Amino acid sequence: MESPANTRDINRKREDYLEWPDYFMATAFLAAKRSKDPCSQVSACIVNEDNVIVGIGYNGMPKKCSDDEFPWFKGSKSDLDNKYLYVCHAELNAILNKNSVDVRNCTMFVGLFPCNECAKVIIQSGVKQIIYMSDKHGMKQSTIASKRMLDAAGIKYKQFAPKNRKIIIDFDEINWNDQNQLPTSPVMDNTAKLEKMSLSNGLRTRLDLEHSFNGHKPQES
């Protein structure tokens with residue numbers, strides 16, 4: 001049985017494309033693959049009202065703070081040896097990485113519900129809505145405090161319901177049919193071929209005559 005890629009109709013619009021919400025959340029999940037955190041890889045994707053991505057960030061150490069030297073522990077007896085004092089969360093990095101003047105009235109797509117510290121930054125930045133994938137820390141005081149502040153600030157939040165539970169990135173898919181993007185050469189029938197040959201022969205004869213005269217008129221007798 002042929003795969004859908006081999007049976008697709010190349011003369012009609014695709015119907016299995018990603019819709020905006022799935023695209024933005026998938027972008028966040030892809031960016032999370034950059035995180036060095038051994039426990040939680042989280043990313044945030046900020047989108048403006050025109051569905052343009054204006055900021056992406058994932059959880060990690062601050063710039064110039066080596067992630068080979070600073071701790072990734074989460075259960076050390078010493079607070080100074082725990083990652084929590086050092087790691088920048090995805091939401092903060094996404095806002096700091098913005099490629100626009102600001103992120104006012106934007107929507108943030110994020111893997112985990114923001115903690116209380118990230119909620120403060122989100123409120124101050126002007127983000128108007130949060131779309132999150134997981135609320136697994138919903139019973140923690142930091143999350144409860146986060147929702148309390150977001151509610152007071154009038155920032156909406158809702159859990160994401162994907163249309164596609166899995167999105168596969170296949171780098172070989174670009175060559176699914178080895179199709180050249182240039183238009184195909186027109187097929188020439190026999191009559192057209194003869195006409196072209198006749199025109200070509202006529203042009204060749206005229207060029208030969210011009211060459212033989214070499215730019216000089218024949219002498220009159």
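Student: Which residue is the bridge partner of Cys 45 in β2?

Tutor: The partner of Cys 45 in β2 is Ile 56. This is a predicted model, in which local features need pLDDT of at least 70, side-chain atom pairs count only at pLDDT 80 or more, and totals for chains, interfaces and linings use all residues. Residues are numbered from 1 along each chain as its sequence is written, and side-chain values use heavy atoms, with hydrogens and water left out.

Student: What makes β1 and β2 a pair of strands, and in which sense do they run?

Tutor: Strands (DSSP runs of E, at least two residues, numbered from the N terminus) pair if DSSP finds at least two bridges between them. Five bridges join β1 to β2, so the criterion is met; the two strands run antiparallel. In their hairpin, five residues lie between the strands, and Asn 51 takes a positive phi near 60°.

Student: How do you know that β1 also pairs with β3?

Tutor: Four bridges join β1 to β3, again antiparallel, and Ile 46 stands opposite Met 108 in β3.

Student: Why is the pairing of the whole sheet called mixed?

Tutor: The open sheet of five strands has the order β2-β1-β3-β4-β5. Its edge strands are β2 (53-58) and β5 (156-159), each of which pairs on one side only. The twist averages 15° from one strand to the next. Whereas β1 is antiparallel to β2, β4 and β5 pair in the parallel sense over four bridges. Both senses occur, and the pairing is therefore mixed.

Student: Why is β1 described as largely enclosed by the rest of the structure?

Tutor: Buried means under 20% relative accessible area, with exposed over 50% and partly exposed in between (1.4 Å probe, protein chains only). Five of the five residues of β1 are buried, so the description holds. In a regular strand the side chains alternate between the two faces of the sheet. Ser 43, Cys 45 and Val 47 point one way from β1, and Ala 44 and Ile 46 the other way.

Student: How do you know that Ile 130 is buried?

Tutor: Its relative accessible area is 0%, so Ile 130 falls under the limit. Ile 130 is found in strand β4 (residues 129-134). Contact means heavy atoms within 4.5 Å; beyond its neighbours within four places in sequence, Ile 130 has contacts including Met 108, Val 110, Ile 122 and Leu 150. Ile 130 and Met 108 are 22 residues apart in sequence, yet 4.8 Å apart in space, C-alpha to C-alpha.

Student: What makes a set of residues a nonpolar core, and which members of the largest one touch the most others?

Tutor: Such a core is a set of buried Ala, Val, Leu, Ile, Met, Phe, Trp, Tyr and Cys residues joined through side-chain atoms within 4.5 Å. Of the 20 residues in the largest core, Ile 46, Met 108, Val 110 and Ile 122 touch the most other members. Elements that each supply at least two residues include β1 (43-47), β3 (107-112) and α4 (116-125). Another core, of eight residues, lies apart from it, with Phe 24, Ala 28, Val 47 and Ile 131 among them.

Student: How do you know that the length of α2 agrees with that of a helix?

Tutor: The expected span of a helix (a DSSP run of H or I, at least four residues) is 1.5 Å times one less than its number of residues. For the 13 residues of α2 this gives 18 Å; its end C-alpha atoms are 19 Å apart, which agrees. The buried residues of α2, among them Phe 24, Met 25 and Ala 28, pack against β1, β2, β3 and β4.

Definitions and conventions:
Axes fitted to C-alpha atoms, helices over the stretch in contact; angles between N-to-C directions.
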